Amino acid sequence: MPRFINSIRFTTVVCAVFFLASCGGDYKKIQKSSNSEFKYNAAVAYYKSGDYLKALPLFETLLSIYRGTDKEQDVYYYYAFTNYKLNDFVMAGFYFSSFYHTFPHADRAEECEYMHAYCEFLSSPAYNLDQTDSKKSIEAFQTFIDDYPNSSRIPDANKYLDLINAKLERKYFEISKLYYTIEYYHAASISLSNYIKSYPSSQYNEEASFLIIKANYKYAINSVLKKKDERFQAVIDSYLKFVDNYPKSNYLTDAQAIYDNTLKLKKEITYSKN
């Protein structure tokens with residue numbers, strides 16, 4: 001980082017410290033003050049010195065005081081970032097969103113729209129939990145990309161979109177696998193096939209394709225006699241497709257064993273019919 005930027009930041013922090021020192025360190029005095037400018041300067045000073053817990057209630061009070069004035073933008077901006085610094089991404093995201101909707105032509109609108117999407121991303125839970133916030137983040141990042149196609153933040157937006165989509169992809173795959181685990185074999189085969197169609201380049205497609213063979217096989221052997229021939233054929237078809245797509249798969253030995261046994265059982269059914 002250039003030295004002059006570090007110098008500016010150092011000077012800002014030093015000024016903030018001197019300002020707070022001039023208040024005598026009396027935080028309650030600042031809170032009770034009727035001087036809005038004094039309270040605003042104190043809030044900014046606390047923010048720039050990294051004391052976000054003290055800055056937050058001051059900015060919160062100033063939101064209503066400065067509503068409709070030229071300083072409203074600044075208060076909104078600082079309040080959103082103070083919540084962000086305190087890791088309250090839900091509240092931060094709300095105020096970043098409020099900022100760019102309230103001040104769509106402001107210089108900071110682009111940054112706040114991006115930060116809204118990023119806060120939604122940070123609120124997104126692990127893949128095995130509800131992914132409502134992940135979907136909100138996708139929508140927010142896509143809106144940002146549409147609104148600012150030439151933004152320098154586009155590469156980061158795309159990076160986070162990829163991470164969220166990977167999480168949704170994993171969740172879909174694990175749900176499909178779960179059908180197999182709980183022995184809903186037909187549902188597993190359908191779900192896994194739909195998964196592959198939805199994510200044709202997924203890293204899990206090889207495993208998904210192998211699980212389709214296993215699910216079809218389990219479904220076939222547990223079927224009534226008159227359905228077995230047709231369902232064993234589905235096992236054969238899924239195996240041939242698997243071999244074609246993954247000729248060097250680590251699952252190939254197991255898939256081959258299922259295939260061989262399926263041919264044997266299918267032949268027995270044919271003989272029994274004759």
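The side chain of Ser 134 makes a polar contact of 2.5 Å with the side chain of Gln 131, and a second polar contact, at 2.3 Å, joins the side chain of Ser 134 to that of Ser 124. These values come from a predicted model, as do the salt bridges, helices and surface patch described below. A search of the whole structure finds seven salt bridges, and three of them are taken up here together with helices α3 and α9 and two loop residues.

**Ser 134 and its surroundings**

- Ser 134 belongs to helix α8, which covers residues 132–147, and with a relative accessibility of 0% this serine counts as buried.
- When neighbours within four places in sequence are left aside, the residues in contact with Ser 134 are Ser 124, Pro 125, Ile 164, Lys 167 and Leu 168.
- Among these contacts, Ile 164, Lys 167 and Leu 168 also appear in the list of buried residues of α9.

**Helix α9**

- The 28 residues of α9 should span 40 Å at 1.5 Å a residue, and the end C-alpha atoms of the helix are indeed 40 Å apart, so the expected and the modelled lengths agree.
- The buried residues of α9 are Ile 154, Ala 157, Tyr 160, Leu 161, Ile 164, Lys 167, Leu 168, Glu 169, Phe 173, Ser 176 and Tyr 180, and the elements that cover them include α7, α8, α10 and α11.
- Ile 175 also lies in helix α9, but at 39% relative accessibility this isoleucine counts as partly exposed.
- Ile 175 joins Leu 178, Tyr 179, Ile 182 and Tyr 184 in a nonpolar patch on the surface, and together these residues have about 470 Å² of accessible area.

**Helix α3**

- For the 13 residues of helix α3 (residues 36–48), a rise of 1.5 Å a residue gives an expected span of 18 Å, which agrees with the 18 Å that separates the end C-alpha atoms.
- At the start of α3, a side-chain oxygen of Asn 35 comes to within 3.2 Å of the backbone nitrogen of Glu 37.
- The buried residues in α3 are Lys 39, Tyr 40, Ala 42, Ala 43, Val 44, Ala 45, Tyr 46 and Tyr 47.
- After α3 comes Gly 50, whose phi is positive, near 85 degrees.

**Salt bridges between separate parts of the chain**

- Side chains of opposite charge can pair when their charged atoms come close.
- Glu 110 forms a salt bridge with Arg 153, in which the closest N and O atoms are 3.1 Å apart. Because Glu 110 lies in helix α7 (residues 109–123) while Arg 153 lies in the loop between α8 and α9, this pair ties together parts that are 43 residues apart in sequence.
- Both partners of that pair are partly exposed, since Glu 110 has a relative accessible area of 21% and Arg 153 has a relative accessibility of 25%.
- Glu 207 and Lys 177 meet through their side chains in a salt bridge of 3.2 Å, N to O. With Glu 207 in helix α11 (residues 205–221) and Lys 177 in helix α9, the pair ties together parts that are 30 residues apart in sequence.
- Glu 207 counts as partly exposed at 23% relative accessibility, and Lys 177 is likewise partly exposed, with a relative accessible area of 23%.
- A further salt bridge, 3.2 Å from N to O, brings together the side chains of Asp 229 and Lys 266. Asp 229 lies in helix α12 (residues 225–245) and Lys 266 in helix α13 (residues 252–273), so this pair ties together parts that are 37 residues apart in sequence.
- Within this pair, Asp 229 is partly exposed at 23% relative accessibility, whereas Lys 266 is buried, with a relative accessible area of 18%, because buried means under 20%.

**Loop residues with a positive phi**

- Asn 87 has a positive phi of about 65 degrees although this residue is not a glycine. Asn 87 lies in the loop between α5 (72–85) and α6 (89–102), where a relative accessible area of 55% makes the residue exposed.
- Glu 183, which is not a glycine either, has a positive phi of about 70 degrees and comes just after α9. The loop that holds Glu 183 runs between α9 (154–181) and α10 (185–198), and at 55% relative accessibility Glu 183 counts as exposed.

Technical notes
Residues are numbered from 1 along each chain as its sequence is written. This is a predicted model: local features need pLDDT of at least 70, side-chain atom pairs count only at pLDDT 80 or more; totals for chains, interfaces and linings use all residues. Side-chain values use heavy atoms; hydrogens and water are left out. Helices (H or I, at least four residues) and strands (E, at least two) are DSSP runs, numbered from the N terminus. Buried means under 20% relative accessible area, exposed over 50%, partly exposed in between (1.4 Å probe, protein chains only). A polar contact is a pair of N or O atoms within 3.5 Å; within protein, one must be able to donate a hydrogen and the other to accept it, and residues adjacent in sequence count only if both atoms are side-chain atoms. Contact means heavy atoms within 4.5 Å. A salt bridge is a side-chain nitrogen of Lys or Arg within 4 Å of a carboxyl oxygen of Asp or Glu. The expected span of a helix is 1.5 Å times one less than its number of residues. Patches are made of residues with over 30% relative accessible area and no salt bridge: like charges are joined within 9 Å, nonpolar side chains (Val, Leu, Ile, Met, Phe, Trp, Tyr) within 5 Å. Accessible areas come from the Shrake-Rupley method with a 1.4 Å probe; for residues, only the protein chains shown count as cover.
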